[in-house]
Amino acid sequence: MKIGKYEIEKPLFLAPMDDITDYPFRNICKEWGADVVVTEFVSAEAVIRNVDRSLKKMSFSEKERPIGIQLYGSVELSMANASKTAESFNPDFIDINAGCWVKKIANRGEGAGLLKDLTKLERVLSEVKSNTNLPVTLKTRLGWDDNNIAIFDVLETAYRIGIDFVTVHLRTRQQGLKGEVNRTWIPKIKEKSKIPIVINGDIKTPQDVEQCYNLGADGVMIGRSAIGNPFIFKRCKIFLEKGEYIPEPDIKERIQWCLSHFRRHIEYYGEQRGVPTFRKFYNGYLHGYPYIGKIRTEIMNTKSAHKIEEMLVSIMENPEELDKIIHTNIMD
Ligand SMILES: Cc1cc2nc3c(=O)[nH]c(=O)nc-3n(C[C@H](O)[C@H](O)[C@H](O)COP(=O)(O)O)c2cc1C
């Protein structure tokens with residue numbers, strides 16, 4: 001599949017996730033084999049007002065390539081201007097969000113709200129396309145709800161405008177992030193689409209990835225299953241390439257990566273913002289470790305980055321010992 005100037009066979013994408021797929025986490029996922037990454041979504045309105053936090057979300061390191069900057073908004077002029085700013089960061093593509101289901105965004109016509117007004121979607125895509133020399137891509141859903149499946153019209157529009165590829169989250173806006181993902185949509189979508197399709201939604205295992213490719217996907221995108229679990233990319237890659245099912249890294253290695261991620265996160269955000277915003281990652285890194293509940297509670301209640309590092313190092317250096325101590329406490 002062609003992604004900007006890169007040609008990647010069966011690419012694995014890290015999904016854009018607000019407050020998750022930031023600079024430190026994208027870099028970790030790249031190290032674990034993600035082929036393509038996308039920034040968190042960035043509001044076009046915030047970009048044109050030069051809001052610092054939004055501009056910061058568009059910066060990335062060279063080793064993240066190929067990378068897309070994702071924009072959301074519904075005002076054509078704002079999207080056009082924001083795409084010029086995005087282009088100045090020199091990403092490999094600009095991705096337009098027509099899938100965000102969150103009420104305050106979708107109900108004002110942005111994100112999945114664009115699926116309710118396909119002429120608006122067409123105008124937004126055209127404006128972005130004619131204001132950048134970069135490839136423009138789209139991330140969307142099946143439709144607003146089961147009675148309003150829009151994906152086939154969206155694909156037709158995307159083709160007409162010259163969108164490079166479309167990522168389809170196999171759910172409707174009404175489903176949010178819940179409910180079954182039905183992969184029988186893949187061959188139907190592929191049959192109608194004249195442009196490459198990246199499939200997204202509930203990809204949890206190497207077998208899920210393989211199934212999407214067998215059903216005709218051009219690329220596969222992983223979101224929540226990568227949170228605190230960047231190892232999933234390597235496991236999927238090896239399964240695709242060699243048919244081998246490698247186990248998850250053991251607890252020691254997972255904590256080592258948690259620590260590495262934590263340090264980069266604190267370096268990027270500083271201690272005050274970084275310690276609380278890292279909390280969403282512990283569950284993934286520490287899952288499956290016996291008696292982890294107690295350690296997690298302690299970490300969650302600690303404000304000092306140094307103390308958290310000490311706790312993680314002590315578990316990493318001696319997981320069995322810690323296991324025994326906690327086990328004894330529980331037995332007491
Ligand atoms: C915390 C969170 C934040 C998200 N933020 C974005 C976003 O900024 N842009 C976007 O296109 N999708 C966003 N999504 C949706 C994901 O990209 C993805 O489509 C969805 O999680 C389904 O994939 P999964 O089942 O692999 O997680 C977000 C999802 C989550 C859970």
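**Figure 1. A nonpolar patch on the surface of the predicted model.** In this predicted model, W101, V102 and L177 come together as a nonpolar patch on the surface. Their accessible area adds up to about 240 Å². To find L177 along the chain, look in the loop between strand 8 (166-172) and helix 8 (185-192). L177 has a relative accessible area of 37%, so this leucine counts as partly exposed.

**Figure 2. Strand 6 and its two faces.** Here we zoom in on strand 6, which spans residues 93-98. Of its 6 residues, 6 are buried, so the strand is largely enclosed by the rest of the structure. F93, D95 and N97 point one way from the strand, while I94, I96 and A98 point the other way. Residues of both sets are buried. As background, side chains in a regular strand alternate between the two faces of the sheet.

**Figure 3. Strand 5 beside strand 6.** Strand 5, made of residues 67-72, pairs with strand 6 in the parallel sense, and 4 bridges connect the two. A handy pair to pick out is L71 with I96, its bridge partner in strand 6. Between the two strands, the chain travels through helix 4 (residues 76-88), and this β-α-β crossover is right-handed.

**Figure 4. Strand 7 between strand 6 and strand 8.** Strand 7 covers residues 136-143 and runs parallel to strand 6, with 5 bridges joining them. Two positions help you line these strands up: D95 stands opposite T137, and A98 stands opposite T140. How many of the residues of strand 7 are buried? The count is 8 of 8, so the strand is mostly covered. Strand 7 also pairs with strand 8, again in the parallel sense and over 5 bridges. T140 takes part here too, with V168 as its bridge partner in strand 8. The chain gets from strand 7 to strand 8 by way of helix 7 (residues 151-161), in a β-α-β crossover that is right-handed.

**Figure 5. Cysteines without a disulfide.** A disulfide is a covalent bond between the sulfur atoms of two cysteines. How many disulfides does a search of the whole structure find? The result is 0. C29 makes a good case to inspect: the closest cysteine sulfur belongs to C236 and lies 12 Å from the sulfur of C29, which is too far for a bond. The cut-off for a disulfide is 2.5 Å between the sulfur atoms. C29 is buried, with a relative accessible area of 0%. C100 is buried as well, at a relative accessible area of 10%.

**Figure 6. A buried salt bridge between helix 4 and helix 6.** Side chains of opposite charge can pair when their charged atoms come close. K120 and E76 meet in a salt bridge through their side chains, with an N to O distance of 3.5 Å. K120 sits in helix 6 (residues 118-130) and E76 in helix 4, so to speak a link between distant parts of the chain, 44 residues apart. Are these two residues buried or exposed? Both K120 and E76 are buried.

**Figure 7. A salt bridge from helix 8 to a loop.** The side chains of K190 and D218 form a salt bridge, at 2.7 Å from N to O. K190 belongs to helix 8, whereas D218 is in the loop between helix 9 (206-214) and strand 10 (219-222), so this pair ties together parts that are 28 residues apart in sequence. K190 is partly exposed, with a relative accessible area of 25%. D218 counts as partly exposed too, at 23% relative accessibility.

**Figure 8. Helix 11 linked to helix 15, and a salt-bridge network.** R263 and E309 form a salt bridge whose closest N and O atoms are 3.1 Å apart. The two residues lie 46 residues apart and link distant parts of the chain, with R263 in helix 11 (residues 251-269) and E309 in helix 15 (residues 305-317). R263 is partly exposed, at a relative accessible area of 40%, and E309 is partly exposed at 22% relative accessibility. Elsewhere, D18, E40 and K57 are linked in a network of salt bridges. The total count comes to 18 salt bridges.

**Figure 9. E271 and P247.** E271 is found in helix 12, which covers residues 271-277. With a relative accessible area of 40%, E271 is partly exposed. From E271 to P247 the separation is 24 residues in sequence and 33 Å in space, C-alpha to C-alpha.

Conventions. Residues are numbered from 1 along each chain as its sequence is written. This is a predicted model: local features need pLDDT of at least 70, side-chain atom pairs count only at pLDDT 80 or more; totals for chains, interfaces and linings use all residues. Side-chain values use heavy atoms; hydrogens and water are left out. Buried means under 20% relative accessible area, exposed over 50%, partly exposed in between (1.4 Å probe, protein chains only). Two strands pair if DSSP finds at least two bridges between them. A crossover is right-handed if, with the strands pointing away from the viewer, the path from the first strand over the helix to the second runs clockwise. Patches are made of residues with over 30% relative accessible area and no salt bridge: like charges are joined within 9 Å, nonpolar side chains (Val, Leu, Ile, Met, Phe, Trp, Tyr) within 5 Å. Accessible areas come from the Shrake-Rupley method with a 1.4 Å probe; for residues, only the protein chains shown count as cover. A salt bridge is a side-chain nitrogen of Lys or Arg within 4 Å of a carboxyl oxygen of Asp or Glu.
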